[in-house]
Amino acid sequence: MNRPGTVLVLGTGQAGFQVAASLREEKFDGRVVLVGDEPGLPYQRPPLSKAYLTGKADADAVRLRPDRFFAEHRLELRAGERAARIDRAGRRVVLASGEALPYDHLVLALGARNRALPVPGAELDGVVQLRTLGDAEGLRRRLETTREAVVVGAGFIGLEFAAVAAARGVAVTVVEAADRPMARSLSVAMSAFFRGAHERQGVRFVFGASVVRVLGGDGGGRATGVETADGRRFPGDLVLVGIGVVPNAELAADAGLAVADGIVVDERLETSDPAISAIGDCARHPCRFAAGAGPVRIESVQNAVDQARCVAARLAGRTAPYGAVPWFWSDQGASKLQIAGMAAPHDRAVVRGDPAGGAFSVFCFREGGLAGVESVNRPLDHVLARKLLANGADLAPEQAADPGFDLKARAGTPRAA
Amino acid sequence: MPNIVFVHPDGAREELEIAEGTSVMQGATAQGIDGIVAECGGNCMCATCHVYIEPSQLALLPAMSEEEDALLDGTASERRPNSRLSCQIAVTPAMGGLVVNLPERQV
Ligand SMILES: Cc1cc2nc3c(=O)[nH]c(=O)nc-3n(C[C@H](O)[C@H](O)[C@H](O)COP(=O)(O)OP(=O)(O)OC[C@H]3O[C@@H](n4cnc5c(N)ncnc54)[C@H](O)[C@@H]3O)c2cc1C
Ligand code: FES
């Protein structure tokens, strides 16, 4: 393909930053313009629910790169500007300010936003979410005076927050509609391990319960807890809502691009308009590691970064389909969860290691093949799992469960044709 | 603050002051050094902060964890006896003058 003169990137999160940085690594010498509606330099989100929240990292430490990096690489960063409309026919994007920016290629790296809690009282002071550095700043301040917290949703972010809060001595109640934590993503065995680990730190779980109302309002509009559908009430001066995200796909939909819970892209990460790519949390892509080969929308740093690299390489003239092995991590208290592949859904799961000792992996299989591996405190299993999946190596559940089986040797052997 | 010397594959040298307790990766990315990607932000998950330490100075470094050892088998540039992940090296006063060679590629 012809190399475009100007690449315009919408969204300055993990994916948007990476596509810009990778374009320069690929020796792309056209203009690179980055437009993002958040103020300041691009930053990483994972520490917001971890080191930043505990105070171990400050705002500077979460920045991806300093000012100097953008100047040296001629990356034109337009922070604090919102894109309002894509004019495909005119190959330009109109900003909320009215200014129009031309493009030869447009990369949508718009991310996702947190799903709002659709119940009365959700607007009360003390009901908070965690997505941006601004959210995290506010939450860190509130935590200083919080004694009781309710977490709505036992997903990754809610539980990372719960672990941080419990360690500070906050009484934490996690209310979850499913019957176990991280049910959408994790195997039963790994989910049970994390339930136990959190409970030992004093976190209380309420499963099978849905929040119908946030209590409060008399004391100056402040939240005082939540009420569940069965009429139970759980007190909390802080209510953290972590019930999933909605992809920022409206801009694409309004421009007539294909959208279905995310901006639909092909294996090259092109949208239905070849002059527009979409990557990261906002994109739905075909994925050979997913059940039925996808398409899926993945919310992870790995996905954002690897998709960004794939698009940058294509724009620099090296086209290849996207096919990176998905991986993910989540730090919850002393336990570091690592996931390789797409473990959910699976029809068989075997344990390798010692769950009671807090160091084990769950190897998940789907239709006879390895689908994904969840590890806690078994980093070597995780690294080998990534290799096994990348090589498409054969592995039987019995072998995975056998502590004497040499995973390392198998990981190095591609599947026989 | 100890001075750390970064040597690019083409031989170009850059010297940075990195605060004690900060990792070599953090210090390098925060000051905009090219050649360290660090996509996982120092979580010992990605191996894109791979560096070669001047062999005579290896003893100044903290011992390698099993995790780091495993990840080093998956680096984009070849693993050598002096390979380390720079996010796992917290700077100490004794590291003043540490020479960190950057690999050809991180991805
Ligand atoms: C608290 C938290 C903890 C996490 N922890 C982990 C973890 O441990 N491991 C992991 O792998 N992943 C983790 N994630 C997920 C990971 O951070 C995301 O998958 C990643 O940031 C996705 O990158 P992205 O660029 O696609 O989207 P984002 O990083 O969300 O960036 C999108 C950007 O686009 C901007 N934008 C949207 N619309 C417009 C518009 N119209 N105009 C201009 N700008 C716009 C948004 O404001 C945002 O700044 C975590 C996420 C959160 C919130
Ligand atoms: S930054 Fe990812 S392993 Fe060092």
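**Entry 1: the annotated stretch**

Where in chain A does UniProt place the feature "domain: Reductase C-terminal"? I looked it up: the record, an unreviewed entry, puts that feature at residues 327-409 of chain A. Note to self: I'm working with a predicted model here. Next I checked how that stretch is built. Residues 327-409 of chain A are 25% helix and 43% strand. The C-alpha atoms at the two ends of this span lie 21 Å apart.

**Entry 2: who sits around ligand 1**

How many residues surround ligand 1? I got 31, and the closest are A:Asp37, A:Glu38, A:Lys50, A:Arg131 and A:Asp281. Sorted by type, the shell holds 12 nonpolar, 10 polar and 9 charged residues.

Then I wanted to know where in chain A the shell comes from. Domain 1 (6-113 + 246-315) and domain 2 (127-243) of chain A each give at least three residues to the shell around ligand 1. On the level of helices and strands, I noted α1 (14-25), α9 (301-315) and β21 (327-332) of chain A, each with at least two residues in that shell.

**Entry 3: contacts to the ligand's oxygens**

I went through some atom pairs one by one. A polar side-chain atom of A:Arg131 is 2.6 Å from an oxygen atom of ligand 1. With A:Ser300 the partner is a polar backbone atom, 3.0 Å from an oxygen atom of ligand 1. A:Trp329 also brings a polar backbone atom, and its distance to an oxygen atom of ligand 1 is 3.0 Å. How much of ligand 1 does the protein bury? On its own, ligand 1 exposes 1000 Å², and the protein buries 95% of that.

**Entry 4: A:Asp281, from the list of closest residues**

I followed up on A:Asp281, since it was listed with A:Arg131 among the residues closest to ligand 1. A:Asp281 lies in the loop between β19 (276-278) and β20 of chain A. Is A:Asp281 buried or exposed? Its relative accessible area is 12%, so I wrote down "buried"; the cut-off for that word is under 20%. The side chain of A:Asp281 also makes a polar contact with the side chain of A:Arg131, at 3.0 Å. That's the A:Arg131 whose side chain reaches an oxygen atom of ligand 1.

**Entry 5: cis peptide bonds**

Most peptide bonds are trans, so I went looking for exceptions. I wrote down two places. The bond from A:Gly294 to A:Pro295 is cis, with omega near -5°. A:Pro295 is in the loop between β20 (283-284) and α9 of chain A. A cis bond also joins A:Ala344 and A:Pro345, where omega is about -5°. I found A:Pro345 in the loop between β22 (335-341) and β23 (348-354) of chain A.

**Entry 6: positive phi**

Most residues other than glycine have a negative phi. Which way does phi go at A:Met182? It's positive, about 50°, although A:Met182 is not a glycine. This residue lies in the loop between β11 (171-175) and α7 (188-200) of chain A. At 3% relative accessibility, A:Met182 counts as buried.

A:Glu367 has a positive phi too, near 50°, and isn't a glycine either. I located A:Glu367 in the loop between β24 (359-366) and β25 (369-376) of chain A. A:Glu367 counts as exposed, with 74% relative accessibility, whereas A:Met182 is buried.

**Entry 7: distance in sequence versus distance in space**

Last job: I looked up some pairs, C-alpha to C-alpha. How far apart in space are A:Gly216 and A:Asp125? I noted 9.1 Å, with their positions 91 residues apart in sequence. A:Gly216 lies in strand β13 (residues 211-216) of chain A, and it's partly exposed at 30% relative accessible area.

Over in chain B, B:Gly21 and B:Met64 are 43 residues apart in sequence and 17 Å apart in space. B:Gly21 is in the loop between β2 (13-17) and α1 (24-30) of chain B, and it counts as exposed at 57%.

B:Glu66 and B:Ala47 are 19 residues apart in sequence and 13 Å apart in space. B:Glu66 belongs to helix α2 (residues 66-72) of chain B. Its relative accessible area is 52%, so B:Glu66 goes down as exposed; the cut-off is over 50%.

How values were computed. Residues numbered from 1 in each chain as written. Chains lettered and ligands numbered in written order. Predicted model: local features only at pLDDT ≥ 70, side-chain atom pairs only at ≥ 80, totals over all residues. Heavy atoms only, no water. UniProt positions renumbered as here; feature names shortened; annotations may be inferred. Helix = DSSP H or I, 4+ residues; strand = E, 2+ residues; numbered from the N terminus. Near = heavy atom within 4 Å. Polar contact = N/O pair within 3.5 Å; in protein donor to acceptor, adjacent residues only side chain to side chain. Areas by Shrake-Rupley, 256 points an atom, 1.4 Å probe, with all protein chains shown as cover. Nonpolar A, V, L, I, M, F, W, Y, C, P; charged D, E, K, R; others polar. Domains from an automatic or database assignment. Buried < 20%, exposed > 50% of the residue type's maximum accessible area, 1.4 Å probe, protein only.
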